[in-house]
Every structure is written in C-alpha cells, then in structure tokens.
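Q: Got a minute to go through this model with me? I'd like to talk helix packing and aromatics.
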Amino acid sequence: MQENPVDPPTRAALPVAPSMSATLAEAGMPRQFNPLDRRVLWISALAMVLGGAVAGIARLLTGLIGLVTNLAFHGRWSFEFSSPAGNQLGLWVIAVPVIGGLIVGVMARWGSRAIRGHGIPEAMEQVLLNESRIPARMTWLKPVSSAVAIGTGGPFGAEGPIIATGGAVGSLIGQLLHVTADERKTLLAAGAAAGMAAVFSAPVSAVLLTIELLLFERRARSLIPVALAAVIGTGVRYALEGNAPMFPMPDVASPGLLPIAAYIVLGLITGIVAVGVTKLAYAIEDGFEKLPIHWMWWPALGGIVVGAVGYVMPATLGVGYDNIAAVLGGRMALGGMIALCLLKLLSWSVALGSGTSGGTLAPLFTIGGALGGVAGVLLANWAPWLGVDPRLAALVCMAAIFAGSSRAFLTSVVFAFETTQQPHGLLPLLGGCAAAYLISGLMMRNTIMTEKIVRRGVRVPSEYLADHLDKIAVGDACSRDVVSLDASQRLDDVRSWLLEAEARARHQGFPVLDDRGQVIGVVTRRNLLGPPLQGDPLVGSLIKRSLLAVREDHSLREAADHMVESDVGRLVVLSREKPHRMVGILTRGDLLAAHAQRLREARHLNRHLGRKATTR
C-alpha cells in the first residue's frame, strides 16, 4: 500500500506480516515470567542438603567454642558448651581475651580481613556487590576465628559466626555448581537461615532474617529453598538437642490494655537506646581507626577491656545465653540486671569496635533483656496499677533493641516468640518492636548491620516494594497514536518530511508496512537521518533486525526486560485478542512516564472530599 511520504499514516490497528508470525513467540516476544519452575526444585533440594550440613557445622562450632572455653578458663579438655563465669583464674582472666585477640588479629592479617566483625554486614556486601560470591577460605576462617574469640571470653554470641559460615558454605556450593547469581544468593541465604535455625530452634525468624537482611526480596523462588533449609536445620537440632525453647520462661498472662500501652512505651524507649548503642559501637570503632598502630593489634587492645570487665563481672564473658534465660525467667536480681546491662554493653561495644570476630544478636538480646527487666521491676514496684510483668517487659525490650538497631522488625517479633514459646507475648512484642522501629527510623539513617558497608560506599536497600512496572499492563501505558511508514517509500522523501518538523514526524521510531499494510519491522530516526546512502533506497531496506514485539497484556516489567535484552528503545505492541494486530508502540519514555505516576502517587497529597491538593 503506497502512502504519501509527506503524510505517513496514523493507524489504530495494523496487521503483522504473516512471515513474522512463526517467530514472534520464539524471538520477538518477551520471556514469559513464571514465579516457579523446575530450577526451584533443584535449588530446593540443594538447600535441604545444605541445611543439614550447616546444622552439623553449627554443632561442631559450638563444640569448638566449648573446647576453647574449657581449655582457656577451666584447664580441661571438653567439648561441652560451658560458661567462663566459673573460672578460678583471678587477675589472670584479663590475659585470656588478650591472647584470643592476638590470635584473631594474626588470622585476620594473614588469612582474611573479612573475618573481623560479626559477619552479617560482610555477607550483605557480597550479596549486593559481588553476586553472592564469598571466598572459599571464609568457610573455615570465620568459624575458627570466632571460636577463638568467643572461647577466650569475647562477649559475643555463636549465632553470628554460624550465620556467616552457613552463608559462606551456601555461596561456595553456588560457585562450584552452574547456577545463576540469584540462585547463588538463595543458597547463601539458605545456609545463613539454617545456621540461625540450628542455634536457636527458630526457623521462621531465621527465614525472616534472611528476607530483611540478605535477600532484600520476598519471592517464591528464593523463599521456598530458604524455608526448607531452615526446617532441616531445626530438625537436626531437635534430633541432637531436643525441642525445648532456647530461653525457657514461666508462662505469662495475657496482658490488658494498660500493660500493652506500657510495653509500647518501653519499646519506644528501647528504640532510643538502640540508636545510642549503634552510635556508641561505631564511635568506638572510629576511635580505634585513629590509633597509630596496625589494626592487627586492635583485638588484643579490646581484649584488655573485655578481660577487665570480666574480672569485675564474669557473667559478661562468652555468649551469655544463660544470662538471657535468667533475665527472662525472672531469676536475676535488680542489681545484677543493672550491672549486666551496663558492663555487657561496655565489654561488647569495645570488643566489636576493635574488629575481633563474633556476633551481635546475643549481646543485644542480653543488653535489651536486662534493660527491660530493670524497667519492669521498677514499674511493678512504683506503678503496680499498670500491671506490667517484669519478665514480659524483659522479653519486649530484648526484641525491641534488635528491631531498633537492625530494623529487622518481623525477625525480632517472631524470634522472641519462637525462643520462648510464649504466645501471650506476641501482642506486646508487636507493639514494642513497632515503636522501636519507628523511633530508630526517625533518629538514625543506617543500622548496626549497614553502617559499616554504607561507609564503604555500598547502597543498601531499606524498603522492599512490589515492582511498580510489574503492576502496569503494556496496553495501559503504550502510545496508541502510531505513525507508520511504507516499505516502498523513498528515503529522500521521508527525510524531507522529517525535516519539516511536523508533530507526527518527531517520533524516534516508526513501524514499517509492506504493500499489504502489514508490519515488517521498525526503523529509527537515526536510521532515516543517518549518513547519505548510495542512490535513493527504499525505507524497507533500512530494517536491520526482525520485529520485536510485546502484547498489551504483558507487564511493563516484562517489556522493560525485553528492551534491555534486545538492546532496543521501543517495542511494537500487539493486540491481546488478535495477536497479529499492532495496536501501539511502547518506548522508554512510556516506562519513565509510568515511574512518574508512581512518584505522583507517593508525593501528591489529596483530599478526596475537598478541593485542596499539595505535594510533599
């Protein structure tokens, strides 16, 4: 069909050439998105095997910590997990953490600097910047260095190193096998979740932790393998150690309205404390950075403080899970909780700032639990009409300090429930952790998990939203006013029309029709206005590639991915009812317009029953 080159047609629906119909579904259309496929079965099977292996590694690591603890503090050969608190070393106890710090410093300098710290920020960095590829040596360097640091009195929990080690093992498997970067990330998260589940018998909170701190998403193809790994990790723990809760506490009564309000206020206060704790830890780390000695010696210097505090209060040494259980069970006196809260904070913050190897979860739970226990006892004595249970106050503050410092909100709530199995604590936990999360977000930009890597220039996602482009159909965003060219038109005529600068000539791409009015491809403005060609060729000869198309019922996310994979800036849009009819053109500008709509929805304040509207 011949068209006037000065006035190319505008068409609402154009047929696609029959010669293209066989290839549209194969090459010209975007890949069909499937939430689940057979690859998920394979990754899930790997994750289950990984979960069992990591649970075994967790058992070995706790045994290794027990061995180092028994050798260093009690002079006996035993793998039993024990506390350094009952030692008879006297002032010599100060030397034990110093020696441990020296060993960790040597391992960090000549092994890997990545063993310094609690492991989760380093895993986050590998996920965000390195396609979840953790060096293989971390699978043994991290657990061994952590066993030395904790076993010699470091005030850390075993869970952080186990989570980091599980993630490293998952990453190693993902590097040995042919998997995608996304699948490697899933295996890393599965190993981390299995490690946490194996330590605390808390599979649900382990899955939530990986979502909030490692995966940065909630998709079925990653969630299912991670959940299965956590289940297997917990099952192995049940088989080896039984299914009793990690922190058993007497049953608490269901709270009324006044106690719930009090627990929310306690959560708010604990959120402020969490901000202070985070800032203190990094202020101490900054102080170590200014020392005129090599960082290898910092853990030993931190060990002096750990040992001195441990001499004053031996309960601050080591993981301190028994301290958490005592606080939650109401078995620790008021003075003991005050001392534990302050001295554990001092010992842990200095040790963490010095760059030794260990975890943050157990110390934060100890500090928060003791703080809540103190507040609960005072409220129970000074304001008995509030009906605050000191044990429940300790539980709420234990979870709230982690929610405020890490922003792992759901993890904190569910973890406190799973480790105590107190259903009546869920409502206070939800309110208290929400309050801590709120005040922390208002007062502090980064968290205890992200501050370190943000300082190194890593951009960490803080909100996990559904993809806006995935919610919009192509048919709702494409341009329907299609200006097309005929394949038989002469290039010089079309160039003249383009140079006249009519409104319809300002497009960057034009569908090309054959003599039957069927679409055979797309030419761009650059093709048409490029360097002079020999003779006066036909427009149809300028088509360089087969037709790339998208249906109007595809999502903009699928269309955008298709553009990226095909390296084009526009796609022909085909009808949903009649797959061979063109109904529009989708350009990159249309994608940006969809994002503009998202910004308007987020920032434009509307009052639907009035006329006023403002923009934030």
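What follows is a short chat on one helix contact and some ring pairs.

A: Sure. Heads-up: it's a predicted model, where local features need pLDDT of at least 70, side-chain atom pairs count only at pLDDT 80 or more, and totals for chains, interfaces and linings use all residues. Residues are numbered from 1 along each chain as its sequence is written, and side-chain values use heavy atoms, with hydrogens and water left out.

Q: How do H10 and H17 cross?
A: The axes of H10 (residues 257-289) and H17 (residues 426-443) come within 7 Å and cross at roughly 35 degrees. Axes here are lines fitted to C-alpha atoms over the stretch in contact, with angles from 0 to 180 degrees between N-to-C directions. Helices are DSSP runs (H or I, at least four residues), numbered from the N terminus.

Q: Which residues make the contact?
A: With contact meaning heavy atoms within 4.5 Å, H10 brings residues including Gly267 and Gly271, and H17 brings Gly431, Gly432 and Ala435 among others.

Q: OK, rings now. How many aromatic pairs?
A: The count is 11. Rings of Phe, Tyr and Trp (its six-membered ring) pair if their centres lie within 6.5 Å; planes under 30 degrees apart are stacked, over 60 edge-to-face, the rest tilted.

Q: What's the geometry of Phe200 and Tyr321?
A: Edge-to-face, 5.8 Å centre to centre with 70 degrees between the planes. Phe200 lies in H7 (residues 181-200) and Tyr321 in H12 (residues 321-328), so the pair ties together parts 121 residues apart in sequence.

Q: Are they buried or exposed?
A: Both Phe200 and Tyr321 are buried, i.e. under 20% relative accessible area (1.4 Å probe, protein chains only).

Conventions. Helices (H or I, at least four residues) and strands (E, at least two) are DSSP runs, numbered from the N terminus. Buried means under 20% relative accessible area, exposed over 50%, partly exposed in between (1.4 Å probe, protein chains only).
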